[in-house]
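Here's a quick briefing to read with the model open beside you. We'll take a helix crossing, then some strand pairing, then the space left inside.

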Amino acid sequence: MRASAFHLSTTREIPSGAETVSHQLMMRAGMIRQLASGLYTWLPLGLKVLRRVEQIVREEMDRSGALELLMPVVQPAELWQESGRWEQYGPELLRFADRHQRAFCLGPTHEEVITDLFRREIRSHRQLPVNFYQIQTKFRDEIRPRFGVMRAREFLMKDAYSFHLDTDCLDRTYQVMYETYTRIFTRLGLNFRAVRADSGSIGGSFSHEFHVLADAGEDAIAFSTGSDYAANVEMAAAVAPTGARPAPGLPMAPVAAPDGRAPQVKVHWMQGLGGQPVGLVLCEEHELNVIKAEKLSQLSAPLRPVTAEALAAMQDRSPHTGLTLIADHAAAILGDFTWFDAAAGKAWAHVNWGRDLPEPACADLRNVVPGDPSPEDAGTLDIARGIEVGHIFQLGTKYSAALDAQVLDEAGQSRTVTMGCYGIGVSRVVAAAIEQNHDERGIRWPLALAPFAVALAPLHYAKSAAVREATDALYAELQAAGISVLLDDRNLRPGVMFADLELIGIPHRVVISERSLGNHQVEYQARSEDTARLVGCGDIVALLRTEIIHQDHP
């Protein structure tokens, strides 16, 4: 591709409102343009990268045996009402009525649509298992779209849905998809982790998230220093401390404020069953994990703080009177601790379980922190930031039961099928890759994602016949070798041309000048390197082939 015939629209200024590196660089490199909040047009350069992600995803999904289809983005309300999600999903579901006042929504996901298709198309267990996928636009009416395409309202997603007669079959497909996702993100050249995760609003009993590790990540990932254990912090188990609780010392006494020398606990008052307050007790330095707390049988669902009236009724309580308490494992082994109750605005020193407080129910209530023991008893936990780019779920019968998706088994009996769900944020992958691959000069694309593998940067292309002839010959040779190449024939000053090519992140650059040609050489520099080197004109294509093969198959 000649740059003069390709729409390159770069800028040096950082766009206002672009908070993350990926948003800034995608705008500066001319990959995307904002139409409205959370809505972006993909320009030719950005679309080339997006299509490369699609290609790898499609190849690996086809390799896994999944079947591609395409479902409508507009979905009838009746299906969502049938599954119970029409109201449950919340305001992110964009609802509207057509001219006949029939209710529809823009699809944020397609569990209902695919399950409806299945129940109309599949009749026998002999047609199972089956895994359908699509690469399609989704819309979620985010309350605060931000970070460019990382959290946009409209985005491109690969979503797949599998159907099975039993959970053993689902387990096998789930493992296939886990391996498929691992191959996809490996081929994309990303540093990623697969982590145990909460299923969220999609539902289901078992799930993994795939995270690209980057400082801009919205999720905290806990991973073991001694094994391959990894989990979203929401799901990472905090190992209960070992050892005996110390014996009580001084009598309990009210104090004006904690003195900071004794161990301290804090209490979060939540509504229990029947509306009674339940105190969740944690060490002062630990944070309550809401996902873990919501799974406690003693609390109402969803998790809700106690009402103002209930707090007022507790103002005169000391910590040992009439309380239902659940202590985190770390708080449950403390002795002579300070109890600070923000709801009552009071503190007590030298508090002990069993003497001043009843023995508490114990549970894992907290987020893990760096240095915690690994749940697999191998090393300790560390915390990194991650950008979620993929999520796989074992849905079970959540949707198939609601929509009555059944097949006949070997005995001719109707059986409700069990389902799996597997998503990749295709457009989010592009932003995540930039967050992980950039420097002060711009993007540093992994080869698999680069819009072009090689950039030819001729100096004085329009004025020098020798440069033009050598550049055109090299351009033709690279194209014949199947190497994607951008010939920058825009007749720019060298500094401006080099800055543009570094900004858009092309992995390999070849500079052709009269000086180097005088020695039968060209100047080669990889985007990942700080210096260039001279290469013989007859050797450059072989060198590029070697570099590209090495990057493609490290």
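In this predicted model, helix H1 (residues 21-28) and helix H11 (residues 426-436) have axes that come within 8 Å and cross at roughly 105°. Angles from 65 to 115 degrees count as roughly perpendicular, so that's what H1 is to H11. The rest is sorted by topic below.

**Where H1 meets H11**
- On the H1 side, the contact is made by Val21, Ser22, Leu25 and Met26.
- H11 answers with Val430, Ala431, Ile434 and Glu435.
- Sort the residues of this contact by class and you get six nonpolar, one polar and one charged.

**Strands around E29**
- Strand E29 (521-526) pairs with strand E28 (residues 508-512) in the antiparallel sense, over four bridges.
- If you want a spot to look at in that pairing, try Val510, whose bridge partner in E29 is Tyr524.
- E29 also runs antiparallel to strand E30 (residues 533-536), and four bridges join the two.
- Here Glu523 stands opposite Leu534 in E30.
- E29 and E30 make a hairpin, with six residues between them.

**A three-stranded sheet**
- Elsewhere there's an open sheet of three strands, in the order E4-E6-E5, with antiparallel pairing.
- Strand E4 (74-76) and strand E5 (95-97) are its edge strands, each pairing on one side only.
- Ignoring direction, neighbouring strands of this sheet are turned by 40° against each other on average.
- E4 and strand E6 (residues 103-106) run antiparallel and are joined by three bridges.
- Gln75 is the one to find in E4's pairing, as it stands opposite Cys105 in E6.

**Space inside**
- Rolling a probe the size of a water molecule over the atoms shows where empty space is left.
- How many cavities of 30 Å³ or more does the structure hold? There are two of them.
- The largest cavity has about 90 Å³ of space in it.
- Its lining is made up of Arg441, Ala455, Leu501, Glu502, Ile506, Arg509, Gln525, Ala526, Arg527 and Glu529.
- Helix H13 (494-504) and strand E29 are the elements that give two or more residues to that lining.
- What's the class make-up of the lining of the largest cavity? Five residues are charged, four are nonpolar and one is polar.
- So E29 turns up twice in this briefing: as a contributor to the cavity lining, and as a strand that pairs with E28 and with E30, by the definition of pairing as at least two bridges.

How values were computed
Residues numbered from 1 in each chain as written. Predicted model: local features only at pLDDT ≥ 70, side-chain atom pairs only at ≥ 80, totals over all residues. Heavy atoms only, no water. 1 Å grid on protein atoms, 1.4 Å probe; cavity = no way out; pocket = protein on both sides within 12 Å on 5 of 7 lines; lining within 4 Å. Points joined across faces, edges and corners; volume = space filled by probe spheres on them. Nonpolar A, V, L, I, M, F, W, Y, C, P; charged D, E, K, R; others polar. Axes fitted to C-alpha atoms, helices over the stretch in contact; angles between N-to-C directions. Parallel < 35°, antiparallel > 145°, perpendicular 65-115°, else oblique. Contact = heavy atoms within 4.5 Å.
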